[in-house]
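Me: I would like to go through one protein model by question and answer. Please keep each reply short and finish it on the value or name I ask for.

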Amino acid sequence: MTRRDYDPAALGRAVYPLLTSIIVPRPIAWVSTRSADGVDNVAPHSFFTVSSVDPPVVQFTSVGEKDSLRNARATGEFVVCLSDEENVERVNATATDYPADVSEFDAVGLTREASTVVRPPRVAESPVAIECRVLDLRSFGDSTVVFGQVVWVAVDEDVLREGRPAIDLLRPVARLGADEWSAIGPVSTRRRIPYELTGE
C-alpha cells in the first residue's frame with residue numbers, strides 16, 4: 001500500500017472535499033425551522049448524528065451562517081425530518097440558497113404538518129420527525145454545531161415493524177463525496193461479542 005499524505009493546514013478549504021469523500025455515508029438531517037419573522041425554512045444538513053441518549057440529544061452542523069442556524073439560534077427550536085428515497089429530489093432542492101424571506105416549503109412544494117411540542121412545522125412527506133429544543137451551540141471557525149434536546153418523535157406507522165422503525169421501510173438516503181448520494185444497499189446483522197466469549 002502506498003499512501004498519499006495531506007496536511008490540513010496546507011489544504012485550507014480544500015480539506016472539505018477530502019473529508020466529505022472519506023467520512024461516508026453521512027445521514028442527512030432535513031432540518032425545518034421558523035424564523036423570528038415567521039418564515040418556515042427547511043434545508044438538508046449532512047453533518048448530523050446522535051449526541052446523547054440520556055438526555056436524548058441530536059446534533060447538526062451548519063457550515064457557514066445558514067438560515068437553519070440563524071433560525072434555531074433566534075427561536076431555540078428545530079425539527080429533524082428523515083431524508084428518504086421518495087423525497088430525495090425535494091431534499092436536494094431545499095439545499096438551494098433561497099433568500100431568507102422565501103420558504104422552501106412553498107418553493108419546493110412541501111406540505112407543512114404541525115409539530116406537537118415546537119413551533120417549526122414538520123415535513124409531512126417525511127416518515128419521521130424529531131422535534132428539538134436547542135440545548136447548546138458550539139462554533140469551530142466557519143462552522144457551528146447545533147445540539148438539540150429531543151422533546152418529541154413522530155414516526156409514520158407504515159415504516160414500523162414490531163414497534164421499531166425498519167431500515168427497508170424507512171429507505172433513508174445519505175450524502176457521499178462531491179455530488180454523490182446513496183441509498184441503503186444490502187443489510188447484514190452482527191451481534192456484539194461479549195468479552196467472556198472471546199476466549200482471551
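The questions below go from the whole chain to single residues of this predicted model.

Me: How many helices and strands does the protein chain have?
Reply: A helix here is a run of at least four residues, and a strand a run of at least two. Counted in that way, the secondary structure of the protein chain comes to six helices and 14 strands.

Me: Which radius of gyration does the protein chain have, and what does the globule rule give for 200 residues?
Reply: The C-alpha atoms fill a box of roughly 60 × 50 × 30 Å along the principal axes. The chain is as compact as a globular protein of its length, because its radius of gyration is close to the value from the rule. The two values are 18 Å for the chain and 16 Å from the globule rule.

Me: What share of the residues of the protein chain count as buried?
Reply: The accessible surface of the chain comes to about 12,300 Å², and carbon and sulfur atoms hold 51% of that. A residue counts as buried under 20% relative accessible area. Of the 200 residues, the buried share is 37%.

Me: Among contacts between residues at least 6 apart in sequence, what share join residues at least 24 apart?
Reply: Contact means heavy atoms within 4.5 Å. Of the contacts in the protein chain between residues at least 6 apart, the share that joins residues at least 24 apart is 58%.

Me: How far apart do the centres of the positive and negative side chains lie?
Reply: The protein chain carries 21 positive and 30 negative side chains. The distance between the centres of these two sets is 4 Å.

Me: Which residues have the most contacts inside the largest nonpolar core?
Reply: This core has 17 residues. Elements that each supply at least two of its residues include β2 (29-34), β5 (57-63) and β6 (77-82), and α3 (67-75), β9 (128-140) and β10 (143-155) do likewise. Apart from this core lies another of 13 residues, with Ile28, Val108, Val118 and Ala129 among them. In the largest core, the residues with the most contacts are Val58, Phe78 and Val80.

Me: Which residues is Val80 in contact with, leaving aside its neighbours within four places in sequence?
Reply: Val80 is one of the residues with the most contacts inside the largest core. Its partners include Phe48 and Val58. The others are Ala29, Trp30, Val31, Val128, Ala129 and Ile130.

Me: Which residues of α3 are buried?
Reply: α3 supplies at least two residues of the largest core. The cover over its buried residues includes β2, β3 (40-45), β5, β6, β9 and β10. After the helix comes Gly76, with a positive phi near 80°. The buried residues in α3 are Asp67, Ser68, Leu69, Asn71 and Ala72.

Me: Is Arg34 buried, partly exposed or exposed?
Reply: Arg34 lies in strand β2. Beyond its neighbours within four places in sequence, the contacts of Arg34 include Asn71, Thr75 and Arg119. Its relative accessibility is 28%, and the partly exposed class lies between 20% and 50%. Arg34 therefore counts as partly exposed.

Me: How far apart in space are Pro56 and Val150, C-alpha to C-alpha?
Reply: Pro56 lies in the loop between β4 (48-52) and β5, and is partly exposed at 35% relative accessible area. Leaving aside neighbours within four places in sequence, Pro56 is in contact with Gly148, Gln149 and Val150. Pro56 and Val150 are 94 residues apart in sequence, and their distance in space is 5.5 Å.

Me: Which residue does a cis peptide bond join to Asp54?
Reply: A cis peptide bond joins Val24 and Pro25, with omega about -10°; Pro25 is in the loop between α2 (15-22) and β1 (26-27). For the bond at Asp54, omega is about 10°. The residue joined to Asp54 is Pro55.

Me: Is Ala178 buried or exposed?
Reply: Ala178 lies in the loop between β13 (173-175) and β14 (181-183). Its phi is positive, about 50°, although Ala178 is not a glycine. Its relative accessible area is 58%, and exposed means over 50%. Ala178 is therefore exposed.

Technical notes. Residues numbered from 1 in each chain as written. Predicted model: local features only at pLDDT ≥ 70, side-chain atom pairs only at ≥ 80, totals over all residues. Heavy atoms only, no water. Rg over C-alpha atoms; globule rule 2.2 N^0.38 Å. Buried < 20%, exposed > 50% of the residue type's maximum accessible area, 1.4 Å probe, protein only. Areas by Shrake-Rupley, 256 points an atom, 1.4 Å probe, with all protein chains shown as cover. Lys, Arg positive; Asp, Glu negative; His and termini not counted. Charge placed at Lys NZ, Arg CZ, Asp CG, Glu CD. Core = buried A, V, L, I, M, F, W, Y, C linked by side-chain atoms within 4.5 Å.
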